[in-house]
Structures are given as structure tokens and as C-alpha cells.
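Hello,

Here is the model I promised to pass on to you. Please have a look, and my notes follow below.

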Amino acid sequence: ELISEIGKEMNSEYVGAYVEGYEPIEGECIITSEQSGVKKGDKYLDTEIENLEEDGSQKFTTEKEGELKWRIWDYDGTTLRIILDRPTMQKLALKGSTGYNNGIKLFNEICEKCFSNNEKDVNVVNLKRSDIEKVSKYDYTKYKHESENAVEIIDNNSKDEELIHYGESKNYGTNFKSPIMWSSHDSVWNYEYNKDTKTGVGNPSCQEPWEKNYELEVGKEMGDTNNLTEFKQSYYFHNYNKMEFENEKYYDMIFARIGGDMSAARYWLANRYVCLFDDYCEFGLHCLLTDDTGKYVRGLVAYQSNDDSFVGYGALRPIVSINLETSGYKLIKNTDLESNAEYQLVKNNS
């Protein structure tokens, strides 16, 4: 049975279904110390960085991932997106302004080199924050936190003006630094919280440039800021529950982990962020964390405006986009009774 004329309204029928037939080629990706900011001897908190070589490089291969299973993320009748059914077993460490600047490019580069099949109109990137926001009912623009703790405030006795809101602007004065990616791109953003009207202004659904994969401007550079530099809050921390998703299968896919292994339960989302505090701000990348206390979208700080650097460490979550009209693939019901997959991808000439 060929599935070819399916509108977006039919998408929910396919969400979460397992699909066979997508086979990445064997590939590898080496991330250098100059790209990640990480060097030999660095740790994430007290955790040793598993695949760190003597020269500080980190090597990722398809082979180390073992058996790969894919689930349907969405399908609009033309473009099918499938996601690895769990985070990668290999994890990437990033540090400082270098990690902030290069992170998104490195996530996507690893996913492309290790999970692509090099077919026409088949693209692989890392999962983004906006992918989750599009399928959840949580309104992240309502996020707010205390000036010294970036955990979401839901019910509290604090006045709103004492809290830091999503989209809020703040100036810190002189002697602050920011990663060059933020000063060149991320500082230009069209959403802001107005404390007088207590409303957000602009388009909160537009995540560029926070998700932009800039190809040319990578490196470890930093820029000086001054008392005219305006920082905006683009960070949020939220503990999700199943009822916050229109389709509960998204909840199951997003918070999947490898056999209950807690160390593999944290993976990067392809988004930079800025988080404001009273006397400084943090620059980092969002991640997703599953542990015994909850299921969170949160962040891992890479760099602070007072010139402190930190190591972030997490797995990846590759998502494959396939144009079924031009790639030569078709999606069919799986008739193999011994298979647990509901659907199968086949080439038109097979």
C-alpha cells in the first residue's frame, strides 16, 4: 500500500511509528580541540569525557552506535522526518566561548557524517528546541526565574518585577565579554518582554538566529561589551509532562533513553541561549535531560560574561528529513510479520 497523498491533518497517524529501510553509510567525524574548546584533562563536573584523545579531539563513528532504529517524527505527504529512537551512545563535550560559537555546526556535522546515507534530498541534523515547541502545548514565553537561580518559577510569592522573564532585556555595564557568534548574530532577535505591560512583543516562534547553523564564522573569538550592550533572555528551563503534548508519542520519543542508562539521558538541542542574572549573563546551549526527578528542557552553560568557561557534555539526537517526491524513496506499510516496524522505506526502483 503506497502512502503518497497524505495531508498534514493525517500526520498524527504516523507519529512514533517505527520504520525500516533507512540505512546510513558507515562514517566518522573527528571534532578537534580547537573546534570544541575542550582539552585533555577537562571534565564535565566530575565525569570523565569518554572519547577524549590525547590531543583533545573527540571521534564519532557510525559503527560505535550499534543497531539503529528509527521512528516517524512527522510526515506532511511530501517530507518524511524520522528520528533515532534514542539518544546517541557517543557524547560530545563543548567548552567556553568556542563551544558556544561552534556547537550547532558541530552537532549537525556529526549527525550528517555518521547518520547520512548520502542520497539525494536526504538531510540529517540534530534535533532543535523548536521541534519540541511545535508539538507541545507549553508556552515557553511565560518562563521566568529568580535573579540567582535559573529554575522555572511557577507558583511563588515574588513580584513579577523581581523576576527575569523570557525575552527580557538587561545591560550590565563595562568589562564584560561575549562570544563572537552572539555579538555577530544572536543579539539580533525580534522578541522582547515588556515589564510595564507584562506582555511579550514580537514573534516568539522565530528561533533564528539561535538555531542558525553558521558555516563561516566559527572559532573561539570573543568580543568586548559595554554599558550600552543589551542582552536578552532566550533561555528556559521546564519540566515536561505527558499532558503537555497533543500526541503522547512525542513525549515518549523526546524523553527516550538507552536501557535506563542515566548517563545517556542528556542530549544536546541545536540552540544557543543567553540566560540573565543580576550581575552577569550565561551563554550556553540547550539540552534535554531525563532523570529520576523529571524530564527537562534546560541548558548547559559554556561561557559567562565575566570570562568564566565551563564544560557541557551530552549525547546527540539525529533527525533525518527525506523528500519522498525527489529522493526516490516511498513509504509503505510493512508486510513482514516478523518485523516490529509498522512502515518501510523502499527505493522506487526496488
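**Aromatic rings and a bent helix**

Ring pairs join Tyr 138, Tyr 140, Tyr 166, Trp 189, Tyr 191, Trp 210, Tyr 236, Tyr 240, Phe 245, Tyr 251 and Phe 255 into a cluster. This is a predicted model, in which local features need pLDDT of at least 70 and side-chain atom pairs pLDDT 80 or more, while totals for chains, interfaces and linings use all residues. Residues are numbered from 1 along each chain as its sequence is written, and side-chain values use heavy atoms, with hydrogens and water left out.

Rings of Phe, Tyr and Trp (its six-membered ring) pair if their centres lie within 6.5 Å; planes under 30 degrees apart are stacked, over 60 edge-to-face and the rest tilted. By this rule there are 31 aromatic pairs. One of them is edge-to-face, Trp 189 with Trp 210, at 5.3 Å centre to centre and 90° between the planes. Trp 189 has 7% relative accessibility and therefore counts as buried (under 20% relative accessible area, 1.4 Å probe, protein chains only). Trp 210, at 1%, is buried too.

There are also charges over rings (NZ of Lys or CZ of Arg within 6 Å of the ring centre and within 35 degrees of the ring normal). Arg 129 lies over the face of Tyr 140, 5.0 Å from the ring centre, and Lys 347 has its charged end over Tyr 329, 4.5 Å from the centre of that ring.

Finally, helix α2 (a DSSP run of H or I, at least four residues) covers residues 96–115. Of its 20 residues, 18 are buried, so α2 is largely enclosed by the rest of the structure.

Best wishes

Note on methods: Buried means under 20% relative accessible area, exposed over 50%, partly exposed in between (1.4 Å probe, protein chains only). Helices (H or I, at least four residues) and strands (E, at least two) are DSSP runs, numbered from the N terminus. The expected span of a helix is 1.5 Å times one less than its number of residues.
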